[in-house]
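The following account is intended to be read alongside the sequence and the coordinates. It leads the reader through selected parts of the structure.

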Amino acid sequence: MYNEYFIISIILFILAVLGIILNRSNVIIMLMSIELMLLAMSFLFLINSEALDNLIGEVFTIMVLTVAAGEIAIGLAILVAYYRIKGTIAIKSLNLLRGWSIMGHLGKD
Amino acid sequence: MYILIVFLPLLSAIISGRFGRNLGEKGAGVFTSSCMVICWVVSMLIFNETNLNTSILYLKLWKWFDSELLITHFGFQFDGLTGIMLIVITSISALVHIYSTGYMSGDPHIPRFMSYLSLFTFFMILLVTSDNYVQLFIGWEGVGLCSYLLINFWFTRIKANKAAIKAMLVNRVGDIGLVLAMFVIFKEFGSLEFSTVFSVMNEVSHSNNMTLICILLFIGAVGKSAQLGLHTWLPDAMEGPTPVSALIHAATMVTAGVFLIIRSGPLFENSPLALIIVTVLGALTAFFAATVGLVQNDLKKVVAYSTCSQLGYMVMVCGISNYSTSLFHLMNHAYFKALLFLSAGSVIHALANEQDMRKMGGLIKFIPFTYIMIFIGSLSLMGFPYLAGFYSKDLILELAYDRYYLTLAHWLGVFSALLTAFYSIRLIYLTFLSNSNTKKEVLMHTHESSWNITVPLGVLALGSIFVGYLAKEVVIGRVSPPVVPTIVKLIPTIFSLLGGILAFIGYNSLKTYKIFLPQINRETVTNLFSPVVYSFLNSAWQFNLIINHFLVSKMLKFGYLVSYRILDRGFFETLGPMGISKWMVKVSQGISNLQSGRVYNYTLVMIIFVGLFILVNYPFVGGG
């Protein structure tokens with residue numbers, strides 16, 4: 001009876017995950033995907049709350065919304081700080097902290 | 001008294017070695033010599049007890065190895081064989097100690113030298129007095145060690161270093177034989193003490209093991225006693241000082257191998273095959289060394305090869321089961337060979353360290369005493385009637401003839417007797433009788449040495465003359481001379497005299513064709529024999545070349561190419577520390593490349609593993 005809702009919320013979650021994984025250009029899209037993920041989860045909580053006739057899911061949803069608001073606020077603050085330093089918000093420019101091969105560097109450079 | 005003779009030389013060595021700087025050069029010489037003389041006196045007393053009164057003494061000091069199966073005491077056994085060996089060792093050693101104080105005077109390291117000599121005497125006495133194979137092995141290795149130290153006494157000379165290493169390594173080949181023999185003896189008899197081993201001889205189940213034991217023991221003897229194959233260290237050992245050659249490489253250490261065979265005689269008696277091998281190899285050694293001795297130009301090397309040859313006689317007569325005759329020859333040989341070596345040292349000393357016989361000659365007018373001494377020694381060596389060598393050498397040849405199936409050994413021995421006489425007279429002729437080839441300024445200073453060189457020579461000369469006659473009854477009283485035709489009895493003497501006369505004529509009368517005299521100057525002196533034969537004999541049948549070229553260099557190459565480069569640096573290092581550490585670095589850096597710095601990759605990895613986690617756990621959680 002609630003299968004459609006479950007499937008929709010899971011599809012939403014998967015779309016959000018794909019949005020993070022496949023997105024190569026913009027950090028804002030990533031933040032939006034995270035929001036979508038949280039929304040999909042909230043939706044799932046609500047559906048379950050309704051299906052199981054239990055209030056805890058709704059309580060959790062309220063708390064998730066709060067956390068999501070705080071999280072996006074901090075995330076945007078980091079983004080602003082980052083933009084001030086780098087002048088860009090492209091994800092490609094985020095990979096300065098990567099592992100690299102000593103041997104490869106010694107060999108090539 | 002019995003303990004004293006073992007530990008007095010050790011005490012002498014320790015005090016002279018440790019406190020030599022306090023004793024001083026003269027003090028060290030006097031101290032060690034007097035210790036040795038005391039030993040000599042004590043060994044006479046022991047000889048009186050063990051041989052004349054035939055009272056054998058077993059002395060067990062303490063338990064040494066005490067496991068359940070193997071119990072070996074640190075003990076001594078003074079029987080007839082030990083008594084005679086002790087006389088030989090201590091008398092030669094005492095005389096050599098006294099001689100060294102004169103010969104080595106002026107050398108700055110006399111205390112060290114005397115210490116080594118005493119240490120050698122200690123190990124040799126330990127060797128002959130032990131009552132088990134393990135303790136014998138201590139002495140066996142100890143004399144090898146002292147041989148190394150003494151050959152290498154002048155350690156600044158590269159040739160002395162090489163000769164010392166060679167002596168050590170070649171001896172080690174034989175030592176492995178002795179160690180293996182000890183293993184097999186323990187396996188077979190369960191004990192390493194002589195008394196046990198020799199008393200359960202008839203209980204041995206496998207006679208093959210007896211042959212194995214005897215052959216392994218014989219390999220030990222071959223290494224130490226310089227028999228054919230492992231003899232190459234003996235001539236090279238002449239790089240050491242002359243008293244060392246006299247003590248170690250003529251009288252005592254090289255006879256340790258013969259002593260081992262005599263001591264293990266009861267074992268050898270149970271293995272006919274080993275006996276035949278012993279005889280044949282001994283006879284071949286006697287012949288081989290005699291031929292090489294013909295053409296050596298170094299005074300000491302002639303004597304060294306003659307030692308090798310005489311050791312061949314001793315081993316040969318062991319092979320025909322006449323151990324007491326072998327011991328008798330050992331005893332006589334010790335006296336006349338020490339005499340020859342010390343006289344050679346006297347000649348070398350007189351000529352300002354010249355060893356080449358081609359640069360000697362005409363010394364009879366300058367050092368007549370040494371001439372007489374070397375002449376007595378040579379006559380004794382040739383087996384001239386009624387001198388020491390005669391009593392043992394002729395008996396050996398007669399006994400060899402008695403065993404008709406070993407005619408080979410007899411004839412090789414007889415020809416060796418001829419050659420021995422030849423090179424003895426050659427040595428005397430080139431050194432003393434021929435026209436002098438020495439520089440005038442050297443000859444001007446030639447003179448007899450001081451009393452501490454001449455007195456030992458005199459005593460040894462008395463020994464070379466009388467020991468054979470005096471000790472005959474004691475040592476070989478029970479050996480009855482074999483019944484052989486009179487001509488066979490006469491042959492060795494005739495051959496010896498023939499050889500001596502030939503040598504004299506060859507060097508004295510054939511003015512231009514000097515036999516076996518190498519060409520110093522091609523125009524004036526031509527060689528009677530073909531240069532090929534001459535150089536073949538002069539290089540000792542090319543044994544050194546063969547061993548170096550076909551064995552040593554091949555082994556070195558194998559060691560470098562296979563053991564070192566392929567196995568050690570290749571295989572084991574790739575599988576071991578070097579390879580694994582390189583591989584670990586590579587792999588860990590590959591793993592660190594996973595840390596790409598891209599956020600979406602991190603997310604992907606996270607999701608993949610969460611997915612895997614769910615998938616793996618699904619049957620237990622969701623499905624259950």
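The paragraphs below treat the contact between two chains and then one helix.

This is a predicted model, in which local features need pLDDT of at least 70 and side-chain atom pairs count only at pLDDT 80 or more, while totals for chains, interfaces and linings use all residues. Residues are numbered from 1 along each chain as its sequence is written, chains are lettered from A in the order in which they are written, and side-chain values use heavy atoms, without hydrogens and water.

In the interface, 14 residues of chain B are in contact with 16 residues of chain A (contact means heavy atoms within 4.5 Å). The area buried between chain B and chain A is about 1200 Å², and carbon and sulfur atoms give 65% of it; buried area is the accessible area (1.4 Å probe) that two parts lose on being put together, summed over both. The rule finds zero salt bridges across this interface, a salt bridge being a side-chain nitrogen of Lys or Arg within 4 Å of a carboxyl oxygen of Asp or Glu.

Attention now turns to a helix of chain B. Helix 14 (residues 299-319) of chain B (helices are DSSP runs of H or I, at least four residues, numbered from the N terminus) has 21 residues and reaches 31 Å from its first C-alpha to its last, close to the 30 Å expected at 1.5 Å a residue; the expected span is 1.5 Å times one less than the number of residues. Because 20 of the 21 residues of helix 14 of chain B are buried, this helix is largely enclosed by the rest of the structure (buried means under 20% relative accessible area, 1.4 Å probe, protein chains only). At the N-terminal end of helix 14 of chain B, B:Asp298 acts as a cap, with a side-chain oxygen 2.9 Å from the backbone nitrogen of B:Lys300. B:Ser321, which follows helix 14 of chain B, has a positive phi, near 65°.

Notes: Helix = DSSP H or I, 4+ residues; strand = E, 2+ residues; numbered from the N terminus. Buried < 20%, exposed > 50% of the residue type's maximum accessible area, 1.4 Å probe, protein only. Polar contact = N/O pair within 3.5 Å; in protein donor to acceptor, adjacent residues only side chain to side chain.
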